[in-house]
Amino acid sequence: MSTTMARYECPCGYIYDPEEGDYERGIEAGTPFAELPEEWVCPVCGAEKEYFERLDD
């Protein structure tokens with residue numbers, strides 16, 4: 001798996017998967033975590049990107 005397409009997990013348990021994107025917030029499938037807008041937050045708890053941790057899978 002490419003570094004740019006890694007999944008990232010929020011402390012609340014939500015996982016951002018770039019293959020799925022975030023349809024409800026206008027993030028298209030295929031959007032790497034690093035390319036999410038700075039104002040994007042966790043759709044579950046509202047945590048900012050800085051609190052997400054990369055998943056090694």
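User: Quick one to start: is Lys49 buried or exposed?
Analyst: Lys49 is buried, at 13% relative accessible area. Buried means under 20% relative accessible area, exposed means over 50%, and partly exposed is in between (1.4 Å probe, protein chains only). Keep in mind that this is a predicted model: local features need pLDDT of at least 70, side-chain atom pairs count only at pLDDT 80 or more, and totals for chains, interfaces and linings use all residues. Residues are numbered from 1 along each chain as its sequence is written, and side-chain values use heavy atoms, with hydrogens and water left out.

User: Where is Lys49 placed?
Analyst: Lys49 is in the loop between E2 and E3. Those labels are DSSP runs numbered from the N terminus: helices (H or I) need at least four residues, strands (E) at least two.

User: What does Lys49 touch, leaving out residues up to four places away in sequence?
Analyst: Phe33, Ala34, Leu36, Pro37, Glu38 and Trp40. Contact here means heavy atoms within 4.5 Å.

User: Which backbone atom does the Lys49 side chain reach?
Analyst: The backbone oxygen of Leu36, at 3.0 Å. The cut-off for a polar contact is a pair of N or O atoms within 3.5 Å; within protein, one must be able to donate a hydrogen and the other to accept it, and residues adjacent in sequence count only if both atoms are side-chain atoms.

User: Which residue forms a salt bridge with Lys49?
Analyst: Glu38 does, with the closest N and O atoms 3.8 Å apart. The two residues sit 11 apart, each in the loop between E2 and E3, and the pair links distant parts of the chain. Glu38 is exposed at 68% relative accessibility, whereas Lys49 is buried.

User: How many salt bridges come out of the count?
Analyst: Three salt bridges. The rule asks for a side-chain nitrogen of Lys or Arg within 4 Å of a carboxyl oxygen of Asp or Glu. Another is Arg25 with Asp22, at 3.9 Å, N to O. Arg54 and Asp56 also meet in a salt bridge, at 2.8 Å.

User: Are the residues of that Arg54 and Asp56 pair buried or exposed?
Analyst: Arg54 is partly exposed at 36% relative accessibility. Asp56 is exposed, at 70%.

User: Back to Arg25. What does Arg25 touch, not counting residues up to four places away in sequence?
Analyst: Trp40, Val41 and Pro43. The C-alpha atoms of Arg25 and Trp40 are separated by 8.3 Å, with the two residues 15 apart along the chain. Arg25 sits in the loop between E2 and E3. Its relative accessible area is 37%, which counts as partly exposed. Its salt-bridge partner Asp22 is buried, at 6%.

User: What about Asp17: which opposite charge is nearest?
Analyst: The nearest side chain of opposite charge is Arg7, 4.9 Å away, and Asp17 has no salt bridge although it is buried. On charges, Lys and Arg count as positive, Asp and Glu as negative; His and the chain ends are not counted. Asp17 lies in the loop between strand E2 (15-16) and strand E3 (53-54). Its side chain reaches the backbone nitrogen of Glu19 at 3.0 Å.

User: New topic, cysteines. How many disulfides are in the count?
Analyst: Zero disulfides. A disulfide takes a pair of cysteine sulfur atoms within 2.5 Å.

User: Why is Cys12 not bonded to Cys42?
Analyst: Because their sulfurs are 3.7 Å apart, too far for a bond, and Cys42 holds the cysteine sulfur closest to that of Cys12. Cys12 is partly exposed at 38%. Cys42 is buried, with 2% relative accessible area.

User: Which residues does UniProt list as "binding site"?
Analyst: The unreviewed UniProt entry lists Cys10, Cys12, Cys42 and Cys45. They span 36 residues in sequence, but no two of their C-alpha atoms are more than 8.8 Å apart, so they gather at one spot. UniProt positions use the numbering here, feature names are shortened, and annotations may be inferred rather than shown by experiment.

User: What are the contacts of Cys42 and Cys45, leaving aside neighbours within four places in sequence?
Analyst: Cys42 is in contact with Cys10, Cys12, Tyr14, Ala47 and Phe52. Cys45 is in contact with Cys10 and Cys12. Cys42 is found in the loop between E2 and E3, and Cys45 lies in that loop too. Cys45 is partly exposed, with a relative accessible area of 45%.
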